[in-house]
Amino acid sequence: MDNITISTLARYKREGRKFAALTAYDASFAGVFEAENVPVLLIGDSLGMVLQGGTDTLKVTVEQIAYHTRSVVTGAPNALVIADMPFMSYDTVEHACHNAAELMRAGAKMVKLEGGDWLLDTVRALTQRSVPVCAHLGLTPQSVHVMGGYKVQGRGEAGQAILDQALRLQAAGAAMLVLECVPQDLAKAITEALAIPVIGIGAGKDTDGQILVMHDILGISSGYIPKFSKNYLNQTGTIAAAVQAFVEEVAHGDFPAAEHTFG
């Protein structure tokens, strides 16, 4: 796989080329994913749940994300590797800059932050300091206790607020956006309104890219597999074939299907 940059993904968007993304946490799986042409890998704070067995992502630290980032970059040197900024690691602009620097030194090509308007100054500061930012709207797992659980966001009038925040985050310098658990029509409107690539998870088929948690596509998540995901290993039999099937279904627009989408 050629070296993937944010410019690559921006070109994919212009060309209407759908792309796949996966979470990754170690060199071995990252190597498999790169070999199967997954262009984007996210070291998600989801590791607090799928690796550590927690009930949420809040206990994950910057040091842990940095450790896994170094491992993933070793296994997949050509992928666009995004590192999650964990809970309370970007509560101030100063903290955000310090912690983002740690993750970039670990090998990340971009950092991801959850939230809307309150992050505008932080996005500007990071971008001005040469740290590419992926924003994250909709269901933001670090806010699970404020939201009252893992619930679909952006239904009804709330959708306009998310669209407006997406536009402001783009104007502040965000180079990519993740939309999680929002209605498909809202995700379509946001994807069409933004010039930057939009990656969906539980956001329907109209976003530029699709991301899933690697444990979900392999059917090994503890507890349950979310509505928006799919067990590809069950239908293919090998890890490489499962990843290849995910990449191909995203590229052809076959995933997500209606059963993986919120109305």
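**A guided reading of the predicted model**

Apart from its neighbours within four places in sequence, Ser229 is in contact with Leu212, Asp216, Ile217, Phe255 and His260. This description rests on a predicted model. Ser229 itself belongs to the loop between helix H10 (214-217) and helix H11 (232-236). Its relative accessible area is 6%, and because the limit for a buried residue is under 20%, Ser229 counts as buried.

One of the contacts of Ser229 is Leu212, and strand S8 spans residues 209-212. From S8 the reader can pass to strand S1 (residues 19-23), since S1 and S8 run parallel and are joined by four bridges. Within this pairing, Gly209 of S8 is the bridge partner of Phe19.

Strand S1 also pairs with strand S2 (residues 40-43): three bridges join the two, and they too run parallel. Here the bridge partner of Ala21 is Val40 in S2. Helix H2 (residues 27-35) completes the arrangement, as S1, H2 and S2 together make a right-handed β-α-β unit.

The surroundings of S1 can be read from its side chains. In a regular strand, side chains alternate between the two faces of the sheet. In S1, Phe19, Ala21 and Thr23 lie on one side, with Ala20 and Leu22 on the other, and all of them are buried. Both faces of S1 are thus covered, and five of the five residues in the strand are buried.

Another buried position is found in strand S4 (residues 110-114), which contains Glu114. The relative accessibility of Glu114 is 5%, so this residue counts as buried. When neighbours within four places in sequence are left aside, Glu114 is in contact with Asp45, Tyr90, Leu119, His136, Thr140, Pro141, Gln142 and Ser143. A further spatial relation links Glu114 to Pro86: the two are 28 residues apart in sequence, and their C-alpha atoms are 9.0 Å apart in space.

The last element of this reading is a pair of helices. Helix H6 (residues 120-128) packs with helix H8 (residues 158-172) at an angle of about 30 degrees, and their axes are 8 Å apart. Because angles under 35 degrees count as roughly parallel, H6 and H8 are described as roughly parallel to each other. Their crossing is right-handed. At the place where the helices meet, H6 contributes Leu120, Val123, Arg124 and Thr127, while H8 contributes Arg168, Leu169 and Ala172.

Definitions and conventions: Residues are numbered from 1 along each chain as its sequence is written. This is a predicted model: local features need pLDDT of at least 70, side-chain atom pairs count only at pLDDT 80 or more; totals for chains, interfaces and linings use all residues. Side-chain values use heavy atoms; hydrogens and water are left out. Buried means under 20% relative accessible area, exposed over 50%, partly exposed in between (1.4 Å probe, protein chains only). Two strands pair if DSSP finds at least two bridges between them. A crossover is right-handed if, with the strands pointing away from the viewer, the path from the first strand over the helix to the second runs clockwise. Axes are lines fitted to C-alpha atoms, for helices over the stretch in contact, and angles run from 0 to 180 degrees between N-to-C directions. Angles under 35 degrees count as roughly parallel, over 145 as roughly antiparallel, 65 to 115 as roughly perpendicular and the rest as oblique. A crossing is left-handed if the near helix is turned anticlockwise from the far one by less than a right angle, and right-handed if clockwise. Contact means heavy atoms within 4.5 Å.
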